[in-house]
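Please open the model in your viewer and keep the sequence beside it, and follow the selections in the order given here.

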Amino acid sequence: MFESLFGSSMKTQMVAPEKALAGRDQPVLPAARPHTVLGTSITGPWPEGTRVLYLAMGCFWGAEEIFWQVPGVISTAVGYMGGTTPNPTYEEVCTARTGHTETALVAYDPSVVSEEELLKIFWERHDPTQGYRQGNDVGTQYRSAVYWTTPEQEAAVRETEERYQKVLTARGLDPITTEVAPAEGRTFYYAEDYHQQYLDKNPNGYRCHATTGIPFPDAA
């Protein structure tokens, strides 16, 4: 287990792009293979009509595990997104000098599972008020983020964030700090193979359990 998973030396300020690590031209996942649980491709192509949403909610091992269990999810993968460094390694992301956050790719069938259903899980299964941390995991790589790829997703992200914030505010919690932005212009860099479906390969592996403990409210 990497010491940096527990955040003892992580930085909590975003690196300036000009100070980010240089990275590399080649991906750190040179050849994709099927999802170890779902049997589907982790890189696509996926069936026509599939949508992709990128969700960051702390350590990506547990985030990916949560979503591969959701009916209607076609595939998941983990990677690095939202920063500057091209094709970073895990060790580089852990230095907080790439600007990326640990991110789960969720490819899903919107006729089976809606954006709101996925986002309900997202908001409830981590603490979106913690800034550059989740529980004991401290650093910019653990920040909460949602990157959308469709107008429907954007609408759902903004509406569910507003709805959840009202509940959190009423309970005395801090404002949501989740980064919400389009995926366009933000490359998802696949993480190393050993990170993909990590908790399927290592069932007793680390999971972050930081949450607000406050259920996401039903629509009025």
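Leaving aside its neighbours within four places in sequence, which residues is R33 in contact with? Select R33, and then I42, D193, Q196, Q197 and K201, which are its contacts beyond that local window, contact meaning heavy atoms within 4.5 Å. R33 itself lies in the segment before strand 1, where helices (H or I, at least four residues) and strands (E, at least two) are DSSP runs numbered from the N terminus. A distance drawn between the C-alpha atoms of R33 and Q196 should read 9.7 Å, although 163 residues separate the two along the chain.

Before going on, note that this is a predicted model, in which local features need pLDDT of at least 70 and side-chain atom pairs count only at pLDDT 80 or more, while totals for chains, interfaces and linings use all residues. Residues are numbered from 1 along each chain as its sequence is written, and side-chain values use heavy atoms, with hydrogens and water left out.

Next, select helix 1 (60-68). Helix 1 is mostly covered, with nine of its nine residues buried, buried being under 20% relative accessible area, exposed over 50% and partly exposed in between (1.4 Å probe, protein chains only). Its buried residues pack against strand 1, strand 2, helix 2 (90-93), strand 3, helix 3 and helix 5 (198-201).

Move on to helix 3 (residues 115-124), and colour its buried residues E115, L118, L119, F122 and W123. They cover an arc of only 135 degrees around the axis, which puts them on the same side of helix 3; the arc is that of the directions from the helix axis to the C-beta atoms. Among the elements that cover these residues are strand 6 (145-148) and helix 4 (151-170).

Now show helix 3 and helix 4 together. Their axes, lines fitted to C-alpha atoms over the stretch in contact, with angles running from 0 to 180 degrees between N-to-C directions, come within 10 Å and cross at roughly 45 degrees. On the helix 3 side, the residues to select are E115, E116, L119, W123 and E124, and those they meet in helix 4 include A156, V157 and Y164.

Finally, stay in helix 4 and select R158, which counts as partly exposed because its relative accessibility is 42%. Apart from neighbours within four places in sequence, R158 is in contact with W148 and V180, and the C-alpha atoms of R158 and V180 are separated by 8.2 Å.
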